[in-house]
Amino acid sequence: MNFPDRSFVRRIDLTSLQLYVAVCERGSIGKAAELAFMATSAVSKRLSDLESTVGSRLLDRHARGATPTPAGQSLLHHARSVLFSLDKMQGELSEYADGVRGHVRVHANISAIVQFLPEDLGTFIARHEGIKIDLEEHLSTEVIRAVHEGAADLGICHTRSSGQPNNLQTRRYRQDQLTLVVPIHHPLAQHESLVFADSLAWDHVGLHANSSIYLAMHAAAATAGRSIRLRIRVTGLDAMCRMIHNGLGVGLMPQRAFELMHGVGDLTCVALTDDWATRQIDLVARDFATLPASARLLVNHLAQSSHTTPVSNTPT
């Protein structure tokens, strides 16, 4: 670990940072002073000391108030990040006083969240009630970035299409299979299976531009020398099903996700025979061996869950 300049750290005052953020957000030293129940002169003195500490002018002071300089904008960004992290730290530590014995921050993509994590996390919490899991949904690329930057202890996503950094470790979690979802009376519904290129004559309903599914289907279309007639992009799989049901196109989604949402419209799915349609979902961490004990427990549980086959609740 690289430690920052200790003299700089000692000279940075958190109260001054809070006051600086308040001045920037309200555009006035006087309004920030009222908010903090301090004299305007005292706030002004703290801001001057802060400028001396960082060695740059932070505020342009004028008759209408105060606005941050370019250096001040940079400090504002970092000050907000520091204060947010402190608030989050306080919240997490207070939970330990209330009986929480561990805290794991998990970022996962929508495929993992819809298909597998509800059951797997449910059984984990039943065995480890004292461990709290904060789960956030993100695109696979953003999941990897969060783990790399330390915003998440554990990531769960498709790494093959997301540019996994070399300094991250992965373990296998689950495998899913992409399928083509179509209205039950669509011409493609007559097929038991097909290659993705056979669907390119029809309009498509797609997900986020940077989602792993979106990237995979565009790569496949480019390989076939074709383009995708993308009619609309949506943010969730349920919305995709509703759009397809109402005739806006066909779409790709994991087969198990479609089975779990069966009944959202008069739809059916057709298997894809493309090799890329079978995808690996991985656990991602900076270093599994150095994760906190609670996170290692979760990793071991999820790795063991990968050996079981999920049971769909949909009728056959």
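# Salt bridges, helix packing and a surface patch

At 36% relative accessibility, Asp 49 counts as partly exposed. That residue is a handy place to start a tour of this structure, which is a predicted model. Which residue does Asp 49 meet in a salt bridge? The partner is Lys 45, and the two side chains come together with an N to O distance of 2.9 Å. Both residues sit in helix H4, four residues apart, so about one helical turn separates them. Lys 45 has a relative accessibility of 47%, so this residue counts as partly exposed.

## More salt bridges

How many salt bridges does a search of the whole structure find? The count is 12. One of them joins the side chains of Asp 13 and Arg 46, with 2.8 Å from N to O. Asp 13 belongs to the loop between helix H1 (6–11) and H2, while Arg 46 belongs to helix H4, so this pair ties together parts that lie 33 residues apart in sequence. What about the accessibility of the two partners? Asp 13 counts as partly exposed, at 31%, and Arg 46 is partly exposed as well, with a relative accessible area of 28%.

Further along the chain, Asp 153 forms a salt bridge with Arg 105, and the closest N and O atoms are 2.9 Å apart. Here Asp 153 lies in the loop between helix H8 (140–149) and strand S5 (154–157), and Arg 105 lies in strand S3 (residues 102–108), so the bridge ties together parts that are 48 residues apart in sequence. Is Asp 153 buried or exposed? With a relative accessible area of 13%, Asp 153 is buried, because buried means under 20%. Its partner Arg 105 is partly exposed, at 23%. Salt bridges can also share partners, and in this way Glu 25, Arg 26 and Arg 80 are joined into one network.

The three pairs described above are set side by side here.

| Pair | Closest N to O distance |
|---|---|
| Asp 13 and Arg 46 | 2.8 Å |
| Lys 45 and Asp 49 | 2.9 Å |
| Asp 153 and Arg 105 | 2.9 Å |

## How some helices pack

Two packed helices are described by the angle between their axes and the distance between the axes. Take helix H2 (residues 14–26) and helix H3 (residues 29–36) to begin with: they pack at an angle of about 125°, and their axes are 8 Å apart. Why are these helices called oblique to each other? An angle over 145 degrees would count as roughly antiparallel and one from 65 to 115 as roughly perpendicular; the angle of about 125° fits neither range, so H2 and H3 are oblique. In addition, H2 passes H3 in a right-handed crossing.

Another packed pair is made of helix H7 (residues 117–127) and helix H12 (residues 293–305), with an angle of about 130° and a distance of 10 Å between the axes. That angle makes H7 oblique to H12. The crossing of H7 past H12 is right-handed.

## A loop residue and two pairs in space

After H3 the chain reaches a loop that leads to H4, and Phe 37 is found there. What stands out about the backbone of Phe 37? Its phi is positive, about 55°, although Phe 37 is not a glycine. With a relative accessibility of 80%, Phe 37 counts as exposed.

Helix H4 (residues 40–54) also holds Ser 44. This serine is partly exposed, with a relative accessible area of 21%. Ser 44 and Leu 19 are 25 residues apart along the chain, and their C-alpha atoms are separated by 9.5 Å.

A second pair of this kind involves Leu 230, which lies in strand S9 (residues 230–233). How far apart in space are Leu 230 and Gly 251? From C-alpha to C-alpha the distance is 9.6 Å, with their positions 21 residues apart in sequence. Leu 230 counts as partly exposed, at 27% relative accessibility.

## A nonpolar patch on the surface

The tour ends at the surface, where Leu 14, Val 82, Leu 86 and Met 89 form a nonpolar patch. Together these residues have about 300 Å² of accessible area. Which helix provides the largest share of the patch? Helix H5 (residues 70–97) does, with three residues. Met 89 is found in H5, and this methionine is partly exposed, with a relative accessible area of 44%.

Technical notes. Residues numbered from 1 in each chain as written. Predicted model: local features only at pLDDT ≥ 70, side-chain atom pairs only at ≥ 80, totals over all residues. Heavy atoms only, no water. Patch = residues over 30% accessible without salt bridge, like charges linked within 9 Å, V, L, I, M, F, W, Y side chains within 5 Å. Areas by Shrake-Rupley, 256 points an atom, 1.4 Å probe, with all protein chains shown as cover. Salt bridge = Lys/Arg side-chain N within 4 Å of Asp/Glu carboxyl O. Buried < 20%, exposed > 50% of the residue type's maximum accessible area, 1.4 Å probe, protein only. Axes fitted to C-alpha atoms, helices over the stretch in contact; angles between N-to-C directions. Parallel < 35°, antiparallel > 145°, perpendicular 65-115°, else oblique. Left-handed = near helix turned anticlockwise from the far one by under 90°.
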